Every structure is written in structure tokens, then in C-alpha cells.
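Trainee: I'm new to this one. Can you walk me through how the labels are earned?

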Amino acid sequence: MSEQEFRRALGYATSAIDLLKRATIPPYPQFYELLYTYATGVNPSLNARINAIFRDGHPSADIAERLYNEFLKAQDANERISGVSQRMSNRIGAIHDAIDTAMTTANAYSASLQVASGDLGDQDLDAVKLRVLADALLAETRRMQDANHQLEMNLAASRDDIEALQRDLDDVRREALLDPLTKVYNRKAFDDGLLRAVDRAREHGDHLCLMLVDIDHFKRFNDTWGHQTGDQVLRLVAMTLKSNIKGKDIAARYGGEEFAAVLPDTDLEGAMILSDNIRKAIQAKELLKRSTNEKLGRITASFGVAMYRADDTPSSLIERADRCLYAAKHRGRNVVVGETDLKDDDIVAA
């Protein structure tokens, strides 16, 4: 790197640090990468989005995380998938080359056999000529055996490589569907999973419920104890949600401090019981500051639960669950509200 390039990179890094401070966004590596990319100006779409945020509103860690997942994490996954595809292509090319070589050797061997067959019909074939012919056939046979052995080795190596590449590709796909902070499914995986569950419920008439979860007073944790403590709260709630569901259920981070669970083969009563068990499990956990073991209090969450109806779409099911969640927040939080529990005087989302 030349001195000029070093100074330019240093300027970009300084600009990124200044942006983090100005936006009061925690200096996590992914956010530094996001604003470093912004400072370099190499992604015009990202820059346009961030400029609009600075102009129209106040940036936050949640917004930065969404931008990182959209512009950088997705790009990284695409690059990794592209890399695996290229390696797969190279390996398939090597297999083709090995097969071509083996076929060429086999054709040559076949031609040698035909020549030998003609020579064996020669009535003047004496012992010396027969010995020479036998030696030539033996050499060709050994050459053919070597080619076959090499092909077997290439095919075995290729099989192992392709299995490893398949595992790498599966890992990339799984990572692309996980929320990087909480390690539960991300919004895209939730949207896809809910759509599949609704289609299945519509086709087979199965039960299906949707649970929405919102951490109570989450902003207070961030403002009082900092974003690292806020991240600890998010991970704890995600872990509790994930450990209490099973089978075909899907736990996902819906956005910010909201989580969701898609519950196939579960009726409303069962979903309400499950939600209350998760609510109690969350409330039972006391948050500690890792550096000092200082007790920071207990976490609570509000729950909204809706059950699939025959005419539902994913959007309509989400809307009803969200209305229940909104009612739970206005009932004082730390409660579960199902759609059959809504009252006339409940305040619900419009």
C-alpha cells in the first residue's frame, strides 16, 4: 500500500469513527464496517439510504443493524455462495478432464486390441513376433489400468470435495437465515416460514397460531445500561423463546426488540399456554452486568397471539397478532393477549 493509499484509508476510518459517535451507535465491528463503507462511497445505494436517515430522522443501532444485514451481510453471503459455486464448477471441470483422459486411453486400448487381433491372424507369426505382440498388449493393458486407477482416485477426491462444498453451501444458507446477534431466524426466514405454514394450513385444514413478543421497556435498558446490555437482553429473550418451542415451530427476530414464533399444529389454547410459559420463563431470569455482576433487574415481555382462519393471508394473521400485542402493552405489559381475549375497551393498533 502506498503512502497516499494509506492516508486515504486512514481518512475513511476516521470518518467512520466520527459517524459512529455522531449517530450514538455502538462501535461494534459490523457497524464500523457499515459506516466505513459509507465513508468510502463505494456503495451509492447504501449512501443514499444513510443520507436520508441523517436528513429525516435519528439513526439508531436497530437501523444500522438492518442496513448491515441488507447491504453487507447479504453481500457477504452472496460472495460466499459464488465462491462455493466456482469451486464446484472447477471440481466438475476436473472430473470431465479425467473422464476425457480415460476415454482417450480406452479408445487407444481398443485400437491396440484390434491391431493385435489382426496380427494374431497372421499365419507367419513366429515366437519372436508373438512375444513382441504380447509385450505390447501387456504395456497397453498396464497403461489402461493406470488410467482407470487415476480416474478412480479423481472421482473419489471429487466426491469428497463435492460433499465438503455441499456442507459449505448449506452453512452459508443457514447463516443467511439467522439473525447475527440472537442466532434465531431473521425476518426473511420468518416471512418464508409463515408463508409456508399458512399454505399448509389452508391446504390441509391444520391448526396454526402466530405469537408476537415485545420486550417491555427495552429502550430503558439501552439508555440506562448501554447497548451491550441491550444486546444481552435480546439474546436472553431469543434463547428463552427458542428453548421453549419444538418440532416445526419457528422462532425469529421480527425486528428491533420484537420476536415472533410460528406455531403449526397448535390451536389457540395451546399457543396461549405456551406464550404464558415463555412469559414466566423470561420474567424469572435476572439480568446481571457481566463486568461487575451487578443486578440490573428482571426482564418482562408482552405477547399477542392469533390463530389462522380459512381466509387468512400471512399479512392478515400478523395484523391480528399485532393488535393483540398492542392491547397487551396497553393493559400494563407482561401479559398474554389472544384474539378471543380482546375487549371492547382495549386500545389496539389501527
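Mentor: Sure. Start with a definition: the expected span of a helix is 1.5 Å times one less than its number of residues. Keep in mind that this is a predicted model.

Trainee: How do you know that the length of α6 agrees with that rule?

Mentor: Helix α6 covers residues 187-204, which is 18 residues, so at 1.5 Å a residue it should span 26 Å. Its end C-alpha atoms are 25 Å apart, and that agrees.

Trainee: Which residues of α6 are buried?

Mentor: Ala-189, Phe-190, Gly-193, Leu-194, Ala-197, Val-198 and Ala-201. Looking down the axis of α6, these buried residues fall within an arc of 160°, so they line one face of the helix. What covers them includes β1 (208-215), β2 (250-255), β3 (258-264) and α10 (314-330). On the other side of α6, you'll find Lys-188, Arg-196 and Glu-203 exposed.

Trainee: What makes Asn-186 a cap for α6?

Mentor: A side-chain oxygen of Asn-186 lies 3.3 Å from the backbone nitrogen of Lys-188. A polar contact needs such a pair within 3.5 Å, so this one counts, and Asn-186 caps the N-terminal end of α6. Just after the helix, Gly-205 has a positive phi of about 75°.

Trainee: Why is Asp-249 said to have no salt bridge?

Mentor: The nearest side chain of opposite charge, Lys-246, is 7.5 Å away. A salt bridge has to be within 4 Å, so Asp-249 has none, though it is buried. Asp-249 sits in the loop between α8 (227-244) and β2. Leaving aside neighbours within four places in sequence, Asp-249 is in contact with Val-262, Leu-263 and Pro-264.

Methods:
Residues are numbered from 1 along each chain as its sequence is written. This is a predicted model: local features need pLDDT of at least 70, side-chain atom pairs count only at pLDDT 80 or more; totals for chains, interfaces and linings use all residues. Side-chain values use heavy atoms; hydrogens and water are left out. Helices (H or I, at least four residues) and strands (E, at least two) are DSSP runs, numbered from the N terminus. Buried means under 20% relative accessible area, exposed over 50%, partly exposed in between (1.4 Å probe, protein chains only). The arc is that of the directions from the helix axis to the C-beta atoms. Contact means heavy atoms within 4.5 Å. A polar contact is a pair of N or O atoms within 3.5 Å; within protein, one must be able to donate a hydrogen and the other to accept it, and residues adjacent in sequence count only if both atoms are side-chain atoms. Lys and Arg count as positive and Asp and Glu as negative; His and the chain ends are not counted.
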